[in-house]
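Reader: I'd like to learn how to read a model like this one. Could you walk me through it, starting with how far to trust it?

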Amino acid sequence: MGTAFTHTFVYELVTLFVILDPVATVPIFLAATAGLGRKQSLQVAAYAVSIAFGVLLFFIVGGQLLLNALHIAMPSFQLAGSIVLLLFGLKMVLGKVTEEAASIPAGSSLLERSIYPLAMPGIAGAGAMLTVVLLTDNNVRTFREQVTTTVELVLCMVALFGLYAMSGLLFRLLGRAGIEIISRVFGLILASIAVNGLVTAIKLSFGLA
């Protein structure tokens, strides 16, 4: 039982971490905090992580209830989420996301800098929302398992904040060109995950094997 629990915990933790794709959001964070001091940058990181956690916690607690109330089937939600994730991945590949973050007005508050596109859809994107709903499915998951998923999400958010705190070091090591390359590579990975989700959702929708 203990071994099975550990395996499940690690598997779900890794799944969440990959879907949140923290490395891919580092360029967005650097662009959103350009010109700010370290203390202010850390405040932006704290705001972004907190907002993203709040959004994903909402989907853990009430995501499936909301879908049921609106009579939205899970495959339909997965299909829509995959399309949004695909569009976001393509924007990353083309460098549009970092351009949007860099275009934030200089007079914007720290909270405004943290919301778009960093907290949403950078961290709490369609893929992350879909994943937490699937991992906390009320039909197959107990309350204890749902709490475990929430703990896993907290751990991912702590790791994400730590990565943002070290982003300056990463930037010095890789340079802007290296960061841009990483951003585009992870954008391609996100697009690939989205396409896989689209195929799965279409199969589920039409009852295909």
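Author: Happy to! This is a predicted model, so confidence comes before anything else. The mean pLDDT of the protein is 85, and 96% of its residues reach 70 or more.

Reader: Where is confidence lowest, and where is it highest?

Author: Helix α1 (residues 2-20) is lowest, with a mean of 70, while helix α3 (residues 38-69) is highest, at 93. Take care at the start of the chain: over residues 1-5 pLDDT stays under 50, and the model has one contact beyond four places in sequence for that stretch.

Reader: How do I read the way two helices pack, say α4 and α7?

Author: Begin with the angle, where anything over 145 degrees counts as roughly antiparallel. Helix α4 (residues 74-93) and helix α7 (residues 126-135) pack at about 155°, so the two are roughly antiparallel to each other. Their axes are 8 Å apart, and the crossing is left-handed.

Reader: Which residues make the contact?

Author: From α4 come M74, F77, Q78, G81, V84 and L85; from α7 come A126, G127, M129, L130, V133 and L134. By class, this contact has nine nonpolar, three polar and no charged residues.

Reader: Nice. Is there a general idea behind the spacing in such lists?

Author: Yes: an α-helix has 3.6 residues a turn, so residues three or four places apart point the same way.

Reader: And helix α2: how many of its residues are buried?

Author: Helix α2 (residues 22-32) is mostly covered, with 10 of its 11 residues buried. Among them are P22, V26, F29 and L30.

Technical notes:
Residues numbered from 1 in each chain as written. Predicted model: local features only at pLDDT ≥ 70, side-chain atom pairs only at ≥ 80, totals over all residues. Heavy atoms only, no water. Axes fitted to C-alpha atoms, helices over the stretch in contact; angles between N-to-C directions. Helix = DSSP H or I, 4+ residues; strand = E, 2+ residues; numbered from the N terminus. Parallel < 35°, antiparallel > 145°, perpendicular 65-115°, else oblique. Left-handed = near helix turned anticlockwise from the far one by under 90°. Contact = heavy atoms within 4.5 Å. Nonpolar A, V, L, I, M, F, W, Y, C, P; charged D, E, K, R; others polar. Buried < 20%, exposed > 50% of the residue type's maximum accessible area, 1.4 Å probe, protein only. pLDDT = per-residue confidence, 0-100.
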